[in-house]
Amino acid sequence: MTKKQINEFRFFLKDSIRQMIDFSLTDQSMGLQPPPLEKPYDKGYTLIKLPDFQSIIDKETSLFEAINNRRSHRVFTKEPLKLDELSFLLYTTQGIQKVINPAVALRTVPSAGCRHSFETYITAINVIGLDKGIYRYMPTKHSLLPIRLDENIETSIIMGTLGQSFTGKASVNFIWSTIPYRMEWRYGLASHKVIAIDIGHVCQNLYLSAYAIHCGVCAIGAYDQLLMDKLIEVDGEEEFVIYIASLGKIK
Ligand SMILES: Cc1cc2nc3c(=O)[nH]c(=O)nc-3n(C[C@H](O)[C@H](O)[C@H](O)COP(=O)(O)O)c2cc1C
């Protein structure tokens with residue numbers, strides 16, 4: 001690790017890039033159409049409508065209590081996650097509150113320029129009402145799109161997370177991908193730092209909302225990029241995995 005390398009990599013964390021970019025040349029400034037706010041899907045697939053979660057939010061949990069007691073958990077009980085609980089967690093992490101137009105929506109998390117570059121995939125391992133496999137959250141319809149059923153999903157996620165075995169004992173793993181062009185369309189090369197910042201908000205919401213339903217979460221930043229991209233069936237260039245979190249019931 002040379003000083004030159006360190007400085008090059010530290011540069012990513014700075015906002016110096018903003019002074020180096022000609023924002024009049026971004027795709028947005030050049031009049032190109034914005035990408036859709038949600039990755040399109042083949043209409044031949046049947047979506048699974050996620051249930052109402054009102055009964056969960058009726059049980060008040062103090063925000064301070066959730067913030068103050070949040071911890072990373074790597075041991076989960078065998079109690080399955082209910083579908084309304086999953087519905088709640090998907091809403092609090094990436095749910096859409098208001099669609100402004102086909103390219104812009106307000107969500108439960110903030111995002112630089114409201115560009116929201118993420119898609120959410122889950123590995124369903126122990127969820128009542130869901131067969132084991134990979135699903136994608138469709139926030140505009142608050143539904144799940146089945147990607148692939150997989151009886152051995154536990155093995156795949158453990159391998160994809162470099163042998164972190166608790167991922168296979170979780171009820172679900174949240175796998176967040178980014179579609180960087182959603183951000184690049186507006187910010188060009190100034191996109192990548194804010195994408196990294198944005199995903200932190202998503203996972204923090206997961207930690208806090210999980211607390212309200214007696215679940216534990218562990219964020220995962222160490223994973224095999226190629227295996228994880230393959231697992232959720234994305235190309236690894238225009239869309240790739242950026243962050244993962246395991247979640248399950250705790251004692
Ligand atoms: C960006 C990021 C990446 C992380 N990656 C992993 C991981 O790959 N495996 C793991 O077991 N924990 C991971 N963690 C969890 C941290 O180890 C944990 O947050 C830290 O030890 C502090 O514990 P606490 O969350 O209970 O406060 C990660 C946390 C963050 C924020």
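**Note on a predicted model: sheet, packing and ligand shell**

1. Asn 101 is exposed, with 8 other C-beta atoms within 10 Å. The model is predicted, and the points below should be read as such. Asn 101 belongs to strand S2, residues 96-101. The exposure fits the strand as a whole: S2 is hardly covered, and the count of buried residues among its 6 residues is 0. Asn 101 and Phe 76 are 25 residues apart along the chain, yet their C-alpha atoms are separated by 40 Å.

2. What does S2 pair with? Its partner is S3, in the antiparallel sense, over 4 bridges. The two strands form a hairpin with 2 residues between them. Within this pairing, Ile 96 stands opposite Arg 107 in S3.

3. The open sheet has 7 strands. Their order is S1-S6-S5-S4-S7-S9-S8, with antiparallel pairing. S1 (48-49) and S8 (215-220) are the edge strands; each has a single partner strand, so one side of each lacks a neighbour in the sheet. In general, strands of a sheet pair through backbone hydrogen bonds, either parallel or antiparallel.

4. At the S8 edge, 6 bridges join S8 to S9, and the two run antiparallel. One of the paired positions is Gly 216, whose bridge partner in S9 is Gly 248. Helix H8 (residues 192-212) packs on the sheet and touches S4, S7 (172-178), S8 and S9. The direction of H8 makes about 10° with that of S9.

5. Is S7 enclosed or open to its surroundings? The strand is largely enclosed by the rest of the structure, because 7 of its 7 residues are buried. Side chains in a regular strand alternate between the two faces of the sheet. Both faces of S7 are covered. Val 172, Phe 174, Trp 176 and Thr 178 are buried on one side. Asn 173, Ile 175 and Ser 177 are buried on the other.

6. S7 has pairings with S4 and S9. S4 and S7 pair antiparallel over 7 bridges. Thr 178 in S7 is the bridge partner of Phe 118. S7 and S9 also pair antiparallel, over 7 bridges. There, Phe 174 stands opposite Ala 245 in S9.

7. Helix H8 has a helix partner too. H5 (residues 83-94) and H8 pack at an angle of about 145°, with their axes 8 Å apart. The crossing of H5 with H8 is right-handed. H5 contributes Phe 88, Leu 89, Thr 92, Thr 93 and Gln 94 to the contact. H8 contributes Val 202, Asn 205, Leu 206, Ser 209 and Ala 210. By class, the contact residues are 5 nonpolar and 5 polar, with no charged residue.

8. Leu 37 sits in the loop between helix H2 (17-20) and S1. Despite the loop setting, Leu 37 is buried, with 21 other C-beta atoms within 10 Å; the cut-off for buried is 20 or more. Leaving aside residues up to four places away in sequence, Leu 37 touches Pro 102, Ala 103, Val 104, Ala 105 and His 116. Leu 37 and Ile 100 are 63 residues apart in sequence, while their C-alpha atoms are 10 Å apart in space.

9. His 116, one of the residues touched by Leu 37, deserves a look at its backbone. Most residues other than glycine have a negative phi. The phi of His 116 is positive, about 35°. His 116 lies in the loop between S3 (104-107) and S4 (118-124). The residue is buried, with 26 other C-beta atoms within 10 Å.

10. Glu 233 is another positive-phi residue that is not a glycine, with a value near 60°. Glu 233 lies in the loop between helix H9 (225-231) and S9 (240-249). Is this residue buried or exposed? Glu 233 is exposed, with 12 other C-beta atoms within 10 Å. The exposed class covers counts of 12 or fewer.

11. Which residues surround the ligand? Arg 71, Ser 72, Arg 74, Gln 164, Cys 218, Ala 219, Ile 220, Gly 221 and Ala 222 do. By class, the shell holds 4 nonpolar, 3 polar and 2 charged residues. Edge strand S8 spans 215-220, and the shell includes Cys 218, Ala 219 and Ile 220.

How values were computed. Residues are numbered from 1 along each chain as its sequence is written. This is a predicted model: local features need pLDDT of at least 70, side-chain atom pairs count only at pLDDT 80 or more; totals for chains, interfaces and linings use all residues. A residue is near a molecule or strand if its C-beta atom, placed from the backbone, lies within 6 Å of it. Ala, Val, Leu, Ile, Met, Phe, Trp, Tyr, Cys and Pro count as nonpolar, Asp, Glu, Lys and Arg as charged, and the others, Gly among them, as polar. Two strands pair if DSSP finds at least two bridges between them. Two residues are in contact if their C-beta atoms, placed from the backbone, lie within 7 Å. Axes are lines fitted to C-alpha atoms, for helices over the stretch in contact, and angles run from 0 to 180 degrees between N-to-C directions. A crossing is left-handed if the near helix is turned anticlockwise from the far one by less than a right angle, and right-handed if clockwise.
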